[in-house]
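Biologist: I should like to learn how a structure of this kind is read. Would you take me through the features one at a time?

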Amino acid sequence: MQSTFSLVILSCICVTLADNKASLPPYITACDIDDKNLATCVREQIIASLPKFTKGIPELKVPAIDPINLDDIKIDGNGLTLTFTEAIMEGLSDSVLTDLKERFVLKFKSNFTLKAKYEVDGRILILPIQGKGDAFVYAKGVEVEISSKFDHTKKNNADHLKLVMPTYKYDVERTTFDLRNLFNGNKQLADTTLQFANQNWKQLMDDLAPPAIKQIVVTGVKAINKFFGAIPINKLVIGYKQRL
Ligand SMILES: *[C@@H]1O[C@H](CO)[C@@H](O)[C@H](O)[C@H]1NC(C)=O
């Protein structure tokens, strides 16, 4: 009898422990759906947790999204071939949330720094450009607006939120390129060309921004979904009952 009793207590503790594994990190507070709608609930949680969230939540296996390792970016067109490899993008942690609406619209503004290896050959407008080396790209005032629907998935008999079919748009205030070792280190040629490239930064960004921003959005949404996948809705949203 005694041992059965201990066993029951023990299994209760185990269940509690297992359950606690999926509990919210301390900087996120569950919200009460009786007071507000789901989008508002989730908005407040994101605002509160964004700076920490971007650094990852190891206990929930949510990966860090600042910095982001980007896949290789290759621009090939308009007489210019430019590749960035081993690219690392920093800046999401310092994002300012500028808007977050009903449905799920997340709008934020960041200053991004991209470090990569580059290789370039061709022309920017009329000016020849050629070289290979380290690249630093500073993108200022990058405003990204992600819209998404909420969907539900079931995992281990619990309901989880999921962002599906995200769409996005963006705007960039200003970009500065620092491509080291242009023209094999010919400084005069390099300085002139870089200056020209920076005066015409929009031209370059028209090609460079779409693949880079797409990767940021995809990586960010994946991290958010990883988080939603780790925490059942009823832990995130008190009083959550039926499908939306
Ligand atoms: C980006 O940098 C500018 C200054 O260069 C600063 O005024 C602005 O607040 C920064 N924005 C963010 C989102 O950190």
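Biologist: Let us start with a single residue: in which strand does Ser148 lie?

Modeller: Ser148 lies in strand 7. Helices (H or I, at least four residues) and strands (E, at least two) are DSSP runs, numbered from the N terminus. Please note that this is a predicted model, in which local features need pLDDT of at least 70, side-chain atom pairs count only at pLDDT 80 or more, and totals for chains, interfaces and linings use all residues. Residues are numbered from 1 along each chain as its sequence is written, and side-chain values use heavy atoms, with hydrogens and water left out.

Biologist: Is Ser148 buried or exposed?

Modeller: Buried means under 20% relative accessible area, exposed over 50%, and partly exposed in between (1.4 Å probe, protein chains only). Ser148 has a relative accessible area of 1%, and is therefore buried. Its side chain also reaches the backbone oxygen of Val164 at 2.9 Å. A polar contact is a pair of N or O atoms within 3.5 Å; within protein, one must be able to donate a hydrogen and the other to accept it, and residues adjacent in sequence count only if both atoms are side-chain atoms.

Biologist: How many helices and strands does the protein have?

Modeller: The protein has five helices and nine strands. Along the sequence they follow the pattern α-β-α-β-β-β-β-β-β-β-α-α-α-β. Of its 244 residues, 44% count as buried.

Biologist: How does one read the pairing of strands, and with which strands does strand 7 pair?

Modeller: Two strands pair if DSSP finds at least two bridges between them. Strand 6 (residues 104-124) and strand 7 (residues 127-155) are antiparallel, with 20 bridges; one bridge partner pair is Ser110 and Val142. Strand 7 is also joined to strand 8 (residues 158-179) by 19 bridges, again in the antiparallel sense, and there Thr153 stands opposite His160.

Biologist: What should I look for in the turns?

Modeller: One should look at the number of residues in the turn and at the sign of phi. Two residues separate strand 6 from strand 7 in their hairpin, where Leu125 has a positive phi of about 55°. The hairpin of strand 7 and strand 8 also has two residues between the strands, and Asn156 in its turn has a positive phi of about 45° although it is not a glycine. Asn156 is exposed, because its relative accessible area is 76%.

Biologist: Where else is phi positive in a residue other than glycine?

Modeller: Glu86 has a phi near 50°. Glu86 is found in strand 4, and a relative accessible area of 59% makes it exposed.

Biologist: How may the length of a helix be checked?

Modeller: The expected span of a helix is 1.5 Å times one less than its number of residues. Helix 3 (residues 187-199) has 13 residues and should therefore span 18 Å, which agrees with the 18 Å between its end C-alpha atoms.

Biologist: What covers the buried residues of helix 3?

Modeller: Contact means heavy atoms within 4.5 Å. The buried residues of helix 3 include Ala190, Leu194 and Phe196, and their cover includes strand 6, strand 7, strand 8 and helix 4 (201-230).

Biologist: How can residues far apart in sequence be compared in space?

Modeller: One compares the separation in sequence with the C-alpha to C-alpha distance. Ile231 and Leu161 are 70 residues apart in sequence and 8.7 Å apart in space. Ile231 lies in the loop between helix 4 and helix 5 (233-236), and it counts as buried because its relative accessibility is 1%.

Biologist: Which residues are around the ligand?

Modeller: A residue is near a molecule or strand if one of its heavy atoms lies within 4 Å of it. Around the ligand are Asp94, Val96, Lys109, Asn111 and Lys140. A polar side-chain atom of Asn111 is 2.4 Å from an oxygen atom of the ligand, and for Lys140 the corresponding distance to a ligand oxygen atom is 3.3 Å. The protein covers 45% of the 360 Å² of accessible area that the ligand has on its own; such areas come from the Shrake-Rupley method with a 1.4 Å probe, and for residues only the protein chains shown count as cover.

Biologist: Which peptide bond is cis?

Modeller: The bond from Asp66 to Pro67 is cis, with omega near 0°. Pro67 lies in the loop between helix 2 (38-53) and strand 2 (68-69).
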